[in-house]
Amino acid sequence: MLNFTVGPVMSSPEVCAIGGQQVPYFRTAEFSSIMLENEAWMRKLARAPQGSRAVFLTNSSTGAMEAVVMNCFTEKDHVLVINGGSFGARFAKLCEIHEIPHTDIVLQPGQKLTRAMLYAYDGQPFTGLLVNVDETSTGVLYDTQMIGEFCRKNHLFYVCDCVSSFLADSFDMAGCGADVMITGSQKVLACPPGVSIVVMAPRAVERVKQGHVKSMYFNLSDALTNMERGQTPFTPAVGILLQIHARLKEIDAAGGADAEVARVAAQAADFRRKIAGLPFAMVSQSPANGVTPLHPLHANAYDIFLTLKDHYGIWVCPNGGDLRDSVFRVGHIGCLTPEDNTTLVNALLDLQRKGML
C-alpha cells in the first residue's frame with residue numbers, strides 16, 4: 001500500500017517498529033521524562049512564546065477542537081469562525097453545541113480569505129476567532145499573520161487549528177499572536193491516530209486555569225496540572241506517545257521545523273509539476289503544502305479514489321458531502337518521496353490511457 005491521504009499517513013520504519021513493541025506502564029519517572037521532552041519539542045517547533053505549555057489528549061483532533069471551545073469560551077463570548085469547508089463548519093458546529101455565540105465568515109470551496117473579507121468585521125464586538133489554518137477539505141491555506149494582526153487590533157482570543165498545517169506550512173505561534181495551536185499525531189507527525197496536542201500561550205493557560213468547564217475528560221486545567229509532572233489525568237495512548245517522541249527526535253535531528261516544512265513543500269511542488277499535463281483543475285486559490293485537492297475535468301473523483309485503491313494499491317483522499325464526486329485530494333505529508341509521486345502519476349497516466357480519466 002502506498003498512502004497519499006492526509007491522515008493517517010506513511011510512518012518511518014523507526015516509528016513503525018515502536019508500534020510492534022509491548023506497551024510499558026506509564027506512571028513512572030521514565031515515561032514522565034519522555035512526556036516532558038515531548039512538550040518541550042512541541043513548544044519549540046510551534047515557536048510558542050515563553051511561558052507556553054502543551055498538553056497531550058488521547059482522542060482525535062476533533063476532541064482537541066472541542067476541548068478548546070469548551071475551555072476557552074462561554075456563552076458570554078461572541079466568536080468569529082472562518083468557515084471555508086468541512087473543518088471550518090466543524091468549529092461552527094462545536095460552537096453551536098456548546099452554545100457559544102458565533103458568526104461564520106463563509107467562503108466558497110477553495111476560496112482565499114482576503115484582508116477585505118476579514119476587515120469587514122473590524123471594530124465589531126467579537127471576543128475570539130477560530131480558524132482551521134489549512135482547510136484540509138479544499139487545501140486552502142489561510143494567512144495566520146494577517147489574521148493575527150486583525151485579532152491583535154480587535155483584542156480577540158486567537159485559536160489556530162494547525163492539524164494538517166503544522167510542520168507542513170510555516171507557522172510562528174508567537175509571531176502571529178496565536179493563543180492556542182492544535183495538531184494531531186496522524187498528520188506531519190506521521191504516527192498512528194489517537195493523540196491530539198494543544199499548545200497554549202500564557203494568555204490561554206491563564207484563561208483555562210480560571211475557567212470552570214463542565215467536563216472531566218476535556219478539562220484542560222487538569223491536563224495542565226498533570227503535565228507539570230509529565231503525566232496525563234487518565235490513561236493515555238502510551239504507545240503513540242512513545243512514537244511521537246521518536247518522531248519529534250527525527251524532526252529535530254533533520255533540522256527542525258524549517259527543514260520539515262521545506263521537505264513537505266518540495267514534495268508538493270514535485271507532484272504538482274508532474275501532473276501538469278493531466279486533466280485536472282486545481283481547487284485552491286491559496287494552496288497549502290500538505291495537500292493538493294484536484295477536480296477531474298472528465299471523470300468522477302470518487303471513482304478515481306476507488307480505482308486507485310482497488311487496482312493499484314494506492315490510497316488518495318476522497319472528499320465527503322457536496323465535494324464527494326468532484327474533488328479528491330493527494331497528500332504530501334508523512335514518509336513519502338518524489339519516487340512515490342512518480343508511482344502515483346504513472347497510475348494516473350495509465351487511467352488516462354484506458355479512458356478512465
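Here a biologist asks about cavities, pockets and two helices in a predicted model, and a modeller replies.

Biologist: How many cavities of 30 Å³ or more does the structure hold?

Modeller: Rolling a probe the size of a water molecule over the atoms shows where empty space is left. For cavities of 30 Å³ or more, the count in this structure is 2.

Biologist: What volume does the largest cavity have, and what is the volume of the second largest?

Modeller: The largest cavity has about 140 Å³. For the second largest cavity, the volume is about 40 Å³.

Biologist: Which residues lie nearest the centre of the largest cavity?

Modeller: Its lining has 14 residues. β2 (53-57) and α9 (220-227) each supply at least two of them. Nearest the centre are Phe56, Leu57, Tyr217, Pro233 and Phe234.

Biologist: How many charged residues are in the lining of the largest cavity?

Modeller: Sort the lining by class. There are 9 nonpolar residues and 5 polar ones. The number of charged residues is none.

Biologist: How many charged residues line the second largest cavity?

Modeller: The lining includes Leu45, Phe166, Leu167 and Phe171. Arg47 and Asp169 are also among the lining residues. The class split is 6 nonpolar and 1 polar, and the charged residues number 2.

Biologist: Where do the buried residues of helix α8 fall, seen down its axis?

Modeller: Within α8 (residues 202-210), the buried residues are Ala204, Val205 and Val208. Seen down the axis, they fall within an arc of 105 degrees, so they line one face of the helix.

Biologist: Which elements do the buried residues of α8 pack against?

Modeller: Both helices and strands are involved. The helices are α3 (61-72) and α9. The strands are β2, β8 (157-161), β9 (180-184) and β10 (196-200).

Biologist: Which residues of helix α6 are buried, and which elements do they pack against?

Modeller: In α6 (residues 144-154), the buried set is Thr144, Met146, Ile147, Gly148, Phe150, Cys151 and Asn154. These buried residues pack against β3 (79-83), α5 (115-119), β5 (128-132), β8 and α7 (173-176).

Biologist: Which residue's side-chain oxygen reaches the backbone nitrogen of Gln145?

Modeller: Look at the start of α6. The oxygen comes to within 3.1 Å of that nitrogen. It belongs to Asp143.

Biologist: Is His155 buried or exposed?

Modeller: His155 follows α6 and has a positive phi, near 55 degrees. It sits in the loop between α6 and β8. Its relative accessible area is 65%, and the cut-off for exposed is over 50%, so His155 is exposed.

Biologist: What separates the C-alpha atoms of His155 and Pro125?

Modeller: The two residues are 30 residues apart along the chain. In space, their C-alpha atoms are separated by 9.8 Å.

Biologist: Which residues lie nearest the centre of the largest pocket?

Modeller: This pocket has a volume of about 450 Å³. Its lining has 20 residues, and α3 and α8 each supply at least two. Nearest the centre are Met70, Asn71, Phe73, Thr74 and His212.

Biologist: How does the lining of the largest pocket divide by class?

Modeller: Nonpolar residues number 7. The others are 8 polar and 5 charged.

Biologist: Which residues are closest to the centre of the second largest pocket?

Modeller: The second largest pocket holds about 250 Å³ of space. Its lining has 15 residues, divided into 4 nonpolar, 10 polar and 1 charged. Closest to the centre are Gly85, Ser86, Pro109, Asp322 and Leu323.

Terms used
Residues numbered from 1 in each chain as written. Predicted model: local features only at pLDDT ≥ 70, side-chain atom pairs only at ≥ 80, totals over all residues. Heavy atoms only, no water. 1 Å grid on protein atoms, 1.4 Å probe; cavity = no way out; pocket = protein on both sides within 12 Å on 5 of 7 lines; lining within 4 Å. Points joined across faces, edges and corners; volume = space filled by probe spheres on them. Helix = DSSP H or I, 4+ residues; strand = E, 2+ residues; numbered from the N terminus. Nonpolar A, V, L, I, M, F, W, Y, C, P; charged D, E, K, R; others polar. Buried < 20%, exposed > 50% of the residue type's maximum accessible area, 1.4 Å probe, protein only. Arc of directions from axis to C-beta. Contact = heavy atoms within 4.5 Å. Polar contact = N/O pair within 3.5 Å; in protein donor to acceptor, adjacent residues only side chain to side chain.
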